[in-house]
Amino acid sequence: MKEFKHFINGEYVGSASGKTFENRNPVDNSLIGMVHEAGQPEIDAAVAAARAAMKGPWGKMTQTARIDLLNRVADRINERFEEFLEAECKDTGKPRKVASHIDIPRGAANFKAFSETLANHPTEAFKMDTPDGRGALNYGHRKPKGVIAVVSPWNLPLLLMTFKVGPALACGNTVVVKPSEETPATATLLGVVMNECGVPAGVYNVVHGYGGDSAGEFLTSHKGVDAITFTGETRTGEIIMRAASVGLRNISMECGGKNPGIVFADCDMDKAIEGTMRSAFVNCGQVCLGTERVYVERPIFEEFVRRLKEGAEKLKMGRPEDKAVDFGPLVSQEHKEKVLSYYRLAVEEGATVVTGGGVPDMGEALNAGAWVEPTIWTGLADDSRTVNEEIFGPCCHIRPFDTEEEAIALANDTDYGLAATIWTENTTRASRVAEAMDVGLAWVNSWFLRDLRTAFGGAKQSGIGREGGVHGLEFYTELKNVCIKL
Ligand SMILES: NC(=O)c1ccc[n+]([C@@H]2O[C@H](COP(=O)([O-])OP(=O)(O)OC[C@H]3O[C@@H](n4cnc5c(N)ncnc54)[C@H](O)[C@@H]3O)[C@@H](O)[C@H]2O)c1
Ligand SMILES: O=C/C=C/C=C(\O)C(=O)O
């Protein structure tokens, strides 16, 4: 039986308590292995190792040497591509086609991109006048913050975890990662890569377990943690902020969304359908940036609904290794229950089910898996729960609109503010609408097109702070001003 152990101070260790939990493959509900659940002793050990590593060779390493090391980590992930791919697909059930294009390459790129950005980022400097006429020179000096707790979700496990670990390490910090209990594998495997590349012990640590009253809570409330970066649900973010308030520790929050897509009549329909197909259904709809509310200008409403329905009905479901498959199961039985509860709620709230709405018959071998149908609704009221709450499944509601102002108002009428897509061939309108959106990320005629030099994060209840590019520097470093009297 496969065991997923913690990775602490460069070694794989089990829990002192002997406590473990199951890791199941959502494709067919088969058992992948047992995961060790960290208690306070393992969190103490991981945080102590991370603190000690700041004082060891890692803390003394030049930026150039550190960046060389992280580039090696990126290369080694690519050399072990097949293993990472297999591990990610087993944990999540996602098609290999998806993980081999998105998750694993980005997992590697996250180590390269941030090292490069950091190496080329200038330091601020201000020369000031003084009464004696000689002046003074101020310059900014960035120091690593220390031990960073990284709490990550299950939907893009390696990608989202390394999006934080990459810049954290590039800036010279050490990390303790708490991956989602649903997806422990790739974070664990990354420990092997760290050792192979010669990353000093204690720089990268992984502790497994659940959130409340388990590894997540023990880690985020640990006094030895200097800052916490979190990706996950908004409600969990609130709990972690409370934990972080003790000791006034900094936080970075990437949380949920209920993202709108606005499709204007002057769009390129093929592009809009292709993009919305991906933004609503890729990764079985489990992407924080995904579109769950689509607003379509009335003259093209019927055509858009018909074509998206056709697209959804053509999606090929099946095992990850099947090359023709582009649609996998949800991550877990628990999440399947949540998504199905919204499928039922939508009907209770009066939706017209355009397609889907249930559980597909996948055959005897797969029916125990976490499968649901891609689903499209129309006809729901703007204040219905289905239109306002994040479902995080392969589903969207499509509603017609008549004017640009109406579309903007509808799109912004939400507590969330992560991402929006805008489909139009009129670039003046595109920029006007994009600027009016209350979101952190607005995509025009595209979706999830990522340049790692850009700011990433959400407005309103979708998050606090920005990561990506140089923006993460504010979180991952302590900026000190040095003033030299000349
Ligand atoms: N904005 C973004 O960049 C982004 C990216 C991906 C996912 N998400 C969001 O993530 C959610 C899906 O992921 P999820 O279900 O894993 O989220 P989640 O909030 O349930 O869990 C995320 C992580 O937090 C941990 N956790 C849970 N309770 C905790 C507690 N009390 N203390 C400390 N840690 C705790 C979990 O164990 C897990 O590792 C969706 O809401 C989605 O929108 C956001
Ligand atoms: O599910 C959310 C996807 C987030 C993507 C990123 O954080 C990224 O592309 O850096």
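The side chains of arginine 319 and aspartate 28 form a salt bridge, with N to O at 3.8 Å; the term requires a side-chain nitrogen of Lys or Arg within 4 Å of a carboxyl oxygen of Asp or Glu. Across the interface of domain 1 and domain 2 the rule finds one salt bridge.

This is a predicted model, in which local features need pLDDT of at least 70 and side-chain atom pairs pLDDT 80 or more, while totals for chains, interfaces and linings use all residues. Residues are numbered from 1 along each chain as its sequence is written, and side-chain values use heavy atoms, without hydrogens and water.

The domain bounds come from an automatic or database domain assignment. The contact (heavy atoms within 4.5 Å) is divided as follows.

| Domain | Residue range | Residues in the contact |
|---|---|---|
| domain 1 | 2–255 + 462–485 | 26 residues |
| domain 2 | 259–450 | 35 residues |

The C-alpha centres of the two domains lie 31 Å apart. Together domain 1 and domain 2 bury about 2,300 Å², 59% of it on carbon and sulfur atoms; buried area is the accessible area (1.4 Å probe) that two parts lose on being put together, summed over both. Val27, Trp154 and Ser462 supply 24% of the area that domain 1 buries against domain 2, more than any other three residues.

UniProt, in an unreviewed entry, lists Glu254 as "active site"; such annotations may be inferred rather than shown by experiment. Glutamate 254 counts as buried because its relative accessibility is 6%, where buried means under 20% relative accessible area (1.4 Å probe, protein chains only). Beyond neighbours within four places in sequence, the contacts of glutamate 254 include Phe163, Lys164 and Ser462.

Definitions and conventions. Chains are lettered from A and ligands numbered from 1 in the order in which they are written. Buried means under 20% relative accessible area, exposed over 50%, partly exposed in between (1.4 Å probe, protein chains only).
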